[in-house]
Amino acid sequence: MIIFMGVAGAGKSVQGKLLAEALGYQWLSTGEYLRSNITPERKQEMEAGKLLADAEIFSILEEFFQGMKDQGKTILDGFPRTLSQAKWLHDRYEKGEIIISSVIYLDASQEVVKDRLKSRGRPDDSDEALSRRFEEFEELTLPILDWFKSKGVEVFEIDAEREVEAIHKDILNKVSSER
Ligand code: AMP
């Protein structure tokens, strides 16, 4: 399992899908799942730029795990986003249920991603929602990277301010070097 992390607009989904296609992996995204299974409560929280409760996300992950064809050939996009989500996943790794091959961290500044997001036009890309998502990312999600490193998980930090193709090649090289 390869995990994609990065702030809103860093290119997680674009790059996750490209890598999945290149490697013949399955791509699973919690955000995409939520948008396809929207409820009034979810819509409200998401449009405010809030992270959904861990318990709700865990039940989505359980569903992903049940439907997974080959967990070793899976790209996980948008999870984990909190330390407790990271621990939940790592617990499964320790129990031998999954393999975490690497974490791809797409690193891009707020200025760059704000520009990109303007053209995307999703309802949760309003200025207010974005500020909240950036804040939550720095406070809750970024610390996971060091935590993963402390557990011996390989974390690849990728400069995600470049063109799509250059970033894709870089990611492909990194993951190929360890396979
Ligand atoms: P994304 O498509 O990854 O940008 O996710 C869109 C929105 O879905 C996020 O802003 C959150 O509201 C929600 N979401 C997706 N993944 C998670 C997660 N792992 N934990 C909490 N909320 C999530």
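**Exercise 1. The ligand site**

Find which of the 16 residues around the ligand come nearest in this predicted model.

*Solution.* Start from the ligand and look outwards: Thr30, Arg35, Lys50, Gly78 and Arg81 come nearest among the 16 residues around the ligand. Next, turn to the polar side-chain atoms. Arg35 has a side-chain N or O atom 2.9 Å from an oxygen atom of the ligand. For Arg81, a polar side-chain atom lies 3.0 Å from a ligand nitrogen atom. Gln85 also has a side-chain N or O atom 3.0 Å from a nitrogen atom of the ligand. The cut-off for a polar contact is 3.5 Å, so each of these can be checked against it: 2.9 Å for Arg35, 3.0 Å for Arg81 and 3.0 Å for Gln85.

**Exercise 2. A pair of rings**

Decide whether the rings of Phe58 and Trp88 are stacked or edge-to-face, and work out which helices they tie together.

*Solution.* Two values are needed here, because a pair of aromatic rings is described by the distance of the centres and the angle of the planes. For Phe58 and Trp88, the centres are 4.9 Å apart and the planes differ by 5°. Planes under 30 degrees apart count as stacked, so this pair is stacked.

Now place the two residues: Phe58 belongs to helix H4 (residues 54–67) and Trp88 to helix H5 (residues 83–94), so the pair ties together parts 30 residues apart in sequence. Buried means under 20% relative accessible area; Phe58, at 18%, is therefore buried, and so is Trp88, at 12%.

For contrast, try Trp147 and Phe148: with 5.7 Å between centres and 55° between planes, this pair is tilted. Trp147 and Phe148 are both buried.

**Exercise 3. Around Trp88**

Find which residues ring pairs link into a cluster with Trp88, and which residue lies over the face of Trp88.

*Solution.* Follow the ring pairs first: they join Trp88 with Phe58, Phe65 and Phe79 in a cluster. Then look above the ring of Trp88, where Arg92 lies over the face at 3.9 Å from the ring centre. A similar search at Trp27 turns up Lys17, over the face at 4.8 Å from the ring centre.

**Exercise 4. The nonpolar core**

Name the helix that gives the most residues to the largest nonpolar core.

*Solution.* The largest nonpolar core has 55 residues, and those touching the most other members are Ile2, Leu76, Leu89, Ile104, Leu106, Phe148 and Ile171. Helix H7 (residues 127–150) gives the most, with 7 residues. To see the surroundings of one member, pick Leu76: beyond its neighbours within four places in sequence, its contacts include Ile2, Phe4, Leu28, Phe64 and Leu89.

Methods
Residues are numbered from 1 along each chain as its sequence is written. This is a predicted model: local features need pLDDT of at least 70, side-chain atom pairs count only at pLDDT 80 or more; totals for chains, interfaces and linings use all residues. Side-chain values use heavy atoms; hydrogens and water are left out. A nonpolar core is a set of buried Ala, Val, Leu, Ile, Met, Phe, Trp, Tyr and Cys residues joined through side-chain atoms within 4.5 Å. Buried means under 20% relative accessible area, exposed over 50%, partly exposed in between (1.4 Å probe, protein chains only). Helices (H or I, at least four residues) and strands (E, at least two) are DSSP runs, numbered from the N terminus. Contact means heavy atoms within 4.5 Å. Rings of Phe, Tyr and Trp (its six-membered ring) pair if their centres lie within 6.5 Å; planes under 30 degrees apart count as stacked, over 60 as edge-to-face and the rest as tilted. A charge sits over a ring if NZ of Lys or CZ of Arg is within 6 Å of the ring centre and within 35 degrees of the ring normal. A residue is near a molecule or strand if one of its heavy atoms lies within 4 Å of it. A polar contact is a pair of N or O atoms within 3.5 Å; within protein, one must be able to donate a hydrogen and the other to accept it, and residues adjacent in sequence count only if both atoms are side-chain atoms.
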